[in-house]
Amino acid sequence: MTVGDELFVTEVFSAIQGEGALVGERQVFVRLAGCNIRCGYCDQPEALERRPGPCRLERTAGRRDWEVRSSPLPIADLTRDLDRLWDQLPHHSVSLTGGEPLMQSRRLAAFLPRWAREGRPVMVETNGTLPAALARLLPWVQLVSMDLKLSSVDGEAVDPALQRRFLEVARQRRVWAKIVVGPDTDEGELAGAVAMVHEVAPAAEVYLQPVTPCGSVAAAPSPDQVLGWQALALRLHPRVRVVPQTHKLIGQL
Ligand code: SF4
């Protein structure tokens, strides 16, 4: 077996999508390990490092009857486990999430073609910082949920020009942008991100996601703040919705 035949994974399971354009849809989630940035509000600390360790795979869709194995997982094994979950009920799509799934784009390029051949839609949930990696996988990806990062909220300094280049690739598919907003959101930074979406991908929806307190983030934004930011964003782009992390409201993974 070569390195390219394995994927660093933290968990595989069937669940209800809780964010963005596909809220409420049933998906099989493949949570890949490793992320290239460190957002202050990150709710997946166990998925940040790409290194060998345990991972868990659900046996029955939605039952959380986990089987613990070792990551990296051989792609042949992962494919078999995904087939089993996918076939247990009508899923909308497979979500490649993380961490940052595009960090393993070369390995995913060995894994995705078979899924595409069988007509199973693939969505990538990404922080929107690796445009070349997305381009590599685009033939097998139908849906892109892209984060637009605001340094006033996540504490990282993600380059807006890099995110623009990412969106220029992603607009070849159905793409939407998710912007996490917190109590300290800088309005100029938010306006710049929304204006960029309007310029680069005018058909894309923007989802403002009030931060769920987690990690170093202690508070959510106030109702007045959220109303004000949506008004600001709507003046720049006609497709702006506010959607919190609904899976957390209903006690889902
Ligand atoms: S991009 Fe996502 S996985 Fe990476 S640190 Fe930020 S919230 Fe966590």
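# Exercises on a predicted model

Strand 11 (residues 205-210) is mostly covered, with 5 of its 6 residues buried. Keep in mind that the model is predicted. Let's work outward from that strand.

## Exercise 1: Strand 11 and its partners

Task: Find which strands pair with strand 11, in which sense, and over how many bridges.

Solution:

1. Start with strand 10 (residues 174-181). Strand 10 and strand 11 pair in the parallel sense over 6 bridges.
2. Pick one contact to check on screen: Tyr 207 in strand 11 is the bridge partner of Lys 178.
3. Now trace the connection. Leaving strand 10, the chain passes through helix 6 (residues 187-200) before it gets to strand 11, and this β-α-β crossover is right-handed.
4. Go to strand 12 (residues 240-242). Strand 11 and strand 12 run parallel and are joined by 3 bridges.
5. Here a handy pair is Leu 208 with its bridge partner Val 242 in strand 12.
6. Trace again: helix 7 (residues 223-234) carries the chain from strand 11 to strand 12, in a β-α-β crossover that is right-handed.

## Exercise 2: The two sides of helix 6

Task: Work out which residues of helix 6 are buried, and why they line one face of the helix.

Solution:

1. Check the geometry. Helix 6 has 14 residues and spans 20 Å from its first C-alpha to its last, close to the 20 Å expected at 1.5 Å a residue.
2. List the covered positions: Leu 190, Ala 193, Val 194 and Val 197 are buried in helix 6.
3. Look down the axis of helix 6. The buried residues fall within an arc of 90°, so they line one face of the helix.
4. Recall the general rule: an α-helix has 3.6 residues a turn, so residues three or four places apart point the same way.
5. Turn to the opposite side. Gly 188 and Glu 199 are exposed, on the face of helix 6 turned away from its buried side.
6. Zoom in on Val 194, which sits in helix 6. Val 194 counts as buried because it has 23 C-beta neighbours inside 10 Å, where the cut-off is 20 or more.
7. Finish with a distance: Val 194 and Ala 177 are 17 residues apart along the chain, and their C-alpha atoms are separated by 8.9 Å.

## Exercise 3: The surroundings of strand 3

Task: Decide how strand 3 (26-32) is placed in the structure and which strands it is joined to.

Solution:

1. Count the covered residues. In strand 3, 5 of the 7 residues are buried, so the strand is largely enclosed by the rest of the structure.
2. Take strand 2 (residues 9-16): 7 bridges join it to strand 3, and the two run antiparallel. Val 12 stands opposite Val 30 in strand 3.
3. Take strand 7 (93-97): 5 bridges join strand 3 to strand 7, and these run parallel. Gln 27 stands opposite Ser 93 in strand 7.

## Exercise 4: The ligand shell

Task: Say which residues surround the ligand, then place Cys 35 in the fold.

Solution:

1. Around the ligand you'll find Cys 35, Ile 37, Arg 38, Cys 39, Cys 42, Gln 44, Gly 98, Gly 99, Glu 100 and Asn 127.
2. Sort that shell by type: 4 nonpolar, 4 polar and 2 charged.
3. Locate Cys 35: it's in the loop between strand 3 and strand 4. Is Cys 35 buried or exposed? Cys 35 counts as buried because it has 21 C-beta neighbours inside 10 Å.
4. Check a pair: Cys 35 and Arg 50 are 15 residues apart in sequence and 7.5 Å apart in space, C-alpha to C-alpha.
5. For another pair, use Leu 112 in helix 2. Leu 112 and Cys 35 are 77 residues apart in sequence and 20 Å apart in space, C-alpha to C-alpha.

## Exercise 5: Backbone oddities

Task: Find where cis peptide bonds join Ser 71 to Pro 72 and Gly 98 to Gly 99, then look at the phi of Arg 64.

Solution:

1. Between Ser 71 and Pro 72 the peptide bond is cis, with omega about 5°. Pro 72 is in the loop between strand 5 (66-71) and strand 6 (73-74).
2. Gly 98 and Gly 99 are also joined by a cis peptide bond, with omega about 15°. Gly 99 is in the loop between strand 7 and helix 2 (105-117), and both glycines are among the residues around the ligand.
3. Arg 64 isn't a glycine, although its phi is positive at about 60°. Arg 64 lies in the loop between strand 4 (53-58) and strand 5, and counts as exposed because it has 12 C-beta neighbours inside 10 Å.

Notes. Residues are numbered from 1 along each chain as its sequence is written. This is a predicted model: local features need pLDDT of at least 70, side-chain atom pairs count only at pLDDT 80 or more; totals for chains, interfaces and linings use all residues. A residue is near a molecule or strand if its C-beta atom, placed from the backbone, lies within 6 Å of it. Ala, Val, Leu, Ile, Met, Phe, Trp, Tyr, Cys and Pro count as nonpolar, Asp, Glu, Lys and Arg as charged, and the others, Gly among them, as polar. Helices (H or I, at least four residues) and strands (E, at least two) are DSSP runs, numbered from the N terminus. Two strands pair if DSSP finds at least two bridges between them. A crossover is right-handed if, with the strands pointing away from the viewer, the path from the first strand over the helix to the second runs clockwise. The expected span of a helix is 1.5 Å times one less than its number of residues. The arc is that of the directions from the helix axis to the C-beta atoms.
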